[in-house]
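Trainee: I would like a close look at one part of this model. Please take me through a sheet and the charged pairs linked to it.

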Amino acid sequence: MGAAMRCLGLATVAAMVWGCASSGRPTTDASRDSGVVDTGVIDTGAPDTGTDASDGATVDATPVVTDGETCSPCGVTDDCNSGLSCVGLGSGDLACLPACNPDIPDCPPRFDCVMTFGDSTLPAPLCAPVGERCCVDEDGDLHGAGVGCLGTDCDESDTDINSSGTETCNGGDDDCDGLIDEGDPDMLCPRGPHVATSTCSDVGACENTECEPGFGDCDDDTTTGCETQTNTAMHCGGCFVGCEPANATGDCSGGSCDIAVCDTGFGDCDGDPVNGCETSLDSLMDCGSCGVGCSPAFSIGDCSTGTCEVGTCDPRREDCDGSPINGCETSTTTNADCGGCGTACAPLNAIGECSTGGCRIVSCTRADYDDCDMDPANGCETSLRTNADCAACGVMCSIAGGSTSCATGSCLLTGCAMGLADCDSAPGCEQPTNTLAHCGDCDTPCAPNNGTGSCASGTCAVTACNPGWDDCDGDPTNGCETPLDTLSNCGGCGASCALDHASESCVTGTCQITTCDIGWGQCDASQANGCEENLRTTSDCGACGVPCSRTNASASCSTGVCAFSSCNSYYSSCDGTTSNGCEVSHRAVSGACGGGTDAGTYDGDRSCGFICGGNTGWDNFAAYTARNSAWFKARVREDSTCSTDIEHRIRLSVPAGVDYDLYVYRSCGTLLASSIGGTGVDEEIIIRESESSGSDDDFDYFVEVRHYSGSTCANYTIRFDGHNC
């Protein structure tokens, strides 16, 4: 510091001042050695009085223990190292603060280079703490070196490690007391859920040393504690100790693996849950339950389904009641159970016997039956009163040409065979009944009326009818009974002769038109569909193929005569006849832009004469009538030398019922003005151009009369007006 900054004073603490020599270090002045604090005024070289400026009391000049560094406690500036001054803080403490250059400040973190501090202005810039705490602290946890620190800091890279820190199990000194992982294990390693005891290992890691009963630390994560219940199928009595007994469903609800229920077909016969349900319950020794044997009487047992059943019966024995308890209880050598349960030895029409286990016939009980197939199962099965077995097995009853019967035990003739008859007195059926003389019976002829018959099937049938006749009722007895030249049977049975829109006849056997109904015609030359064409249509009007149409109009033939109905849109019939349709097209365009009717050139000056008097009256210089769209052209002439506008007026008188619009173009393609008033409304456009001094301002314009809608035979009138000078 220079001589002018030898002393600095602060008003934040009453009478807190510091002294300094010209070199910035403490002097050897006797007053300084006495411990009297400077008054805060510039040093004049005279000894201090040792009296407080405010009340005259002597200040305690006891030396302060300090290392002289930034924020170290001090009593006077001499207590601080070179370049630092003793300054009073807002907290009431005195601390060493370093000088700084405001242009290039190089202050510790959270220090500012200032000229004012508290309520006082400093005579030289110093690095002052931000806030009231003066603490040299790199990591910002307010622990470090200085009077304003909360404590010491042994790791300026970690805000959680300082003298106020809490010791945790991590292999480090968290509270800066020089000890590692010291203290109560319960505080170092907070216990997670269901942890009984825990410890901090030598490597600084928490370990769960014991879990509460029924729980385990299965995820090796101390933060989750003993998170797993050890009474489940996956963790039974310990982590990942499964409870899956063989052939059974396990039960670990008590913390040890037990058998809840055996799988179907298995049993825990030794009472040991370790090997599960070890015994199959489908054996003859353990059938359905442990130690339950399967040995039914008169048989070999079967327990393949887990239930004791009869497997194989002893010879000539059967299990008829279906109960394995009494085994194969039934002998199969009796007439009631002969060879099988309920199989009776009672042959039909016979006496049977089953001593060998098979039924045999002893004798037949009826004289008209015999055992012809030698099968005892059906007994004496064959009647001896049939045509195949007549009085004895295999003896046929047959008479040529006829039918027979052995119902009495003797062969007798009962009738002729089909297609034969006994037509004479000799015995036998000698006459075929499929001839024209004997048709179906003796002496029954087959000769149908108006036709030819046949009896090949033994029944008289019509094979052909005479021309003009047919068998319409299907009765051969009356032959071909129906004539085919009537309107109800015309050329065939039930073929009606009834033609559409016509009178008809069938005298030739073919249905034909005699006359067509009024308004109908036979246009396709086919008799079958009658008079098929309506002659009241626009395609066939009054006669076949005669069209009914009118140009640009609609026509009607509702009476059979072609008549005009109405004009099409935008057309009119104005010549007094409808035979040529609607000859006027309102949208037909006369001329084109630049090539329409020339209305001529006419003056347009609004003032004339030497004094340029007003000239606004209109003179008609051209007029035209028409019934269709058209183009016109005209020219505005500047005749007066007066400086005034030149203009023309175009007026369109529109007849009722039609809409013509008016368009004016300055040049073809450049619309100047338009008037679109509506149906029956007159249109008017005035075009005007200003005069250019000293030049010819004549100009051409083009007018379009455009049909929009409606029709009429009345003409519109277009008039061109100007001003005559």
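Mentor: Here is the sheet, followed by its salt bridges. This is a predicted model, in which local features need pLDDT of at least 70, side-chain atom pairs count only at pLDDT 80 or more, and totals for chains, interfaces and linings use all residues. Residues are numbered from 1 along each chain as its sequence is written, and side-chain values use heavy atoms, with hydrogens and water left out.

Start with the strands. The sheet is open and has four of them, in the order β42-β49-β44-β47. Their pairing is antiparallel. Strands here are DSSP runs of E, at least two residues long, numbered from the N terminus. Two strands pair if DSSP finds at least two bridges between them. The edges are β42 (619-626) and β47 (683-689). Each edge strand has a single partner, so one of its sides has no neighbour in the sheet. On average, neighbouring strands are turned by 15 degrees against each other, direction ignored. The axes behind that angle are lines fitted to C-alpha atoms.

Now take β44 (residues 646-653) and β47. Seven bridges join these antiparallel strands. In this pairing, H648 stands opposite I687 of β47. In general, strands of a sheet pair through backbone hydrogen bonds.

Side chains link the two strands as well. A salt bridge here is a side-chain nitrogen of Lys or Arg within 4 Å of a carboxyl oxygen of Asp or Glu. The structure holds eleven of them. E647 forms one with R688, with the closest N and O atoms 2.5 Å apart. E647 lies in β44 and R688 in β47, so this pair ties together parts 41 residues apart in sequence. R651 forms another with E684, at 3.1 Å between the closest N and O atoms. Here too one partner, R651, is in β44 and the other, E684, in β47, so parts 33 residues apart in sequence are tied together.

E647 also forms a salt bridge with R606, the closest N and O atoms being 2.6 Å apart. R606 sits in the loop between β39 (597-603) and β40 (607-608). Through shared partners, R606, E647 and R688 join into one network.

Next, accessibility. Buried means under 20% relative accessible area, exposed over 50%, and partly exposed in between (1.4 Å probe, protein chains only). E647 is buried, at 1%. Its partners R606, at 25%, and R688, at 47%, are partly exposed. R651 is partly exposed at 38%, and E684 is partly exposed at 38%.

Definitions and conventions
Helices (H or I, at least four residues) and strands (E, at least two) are DSSP runs, numbered from the N terminus. Axes are lines fitted to C-alpha atoms, for helices over the stretch in contact, and angles run from 0 to 180 degrees between N-to-C directions.
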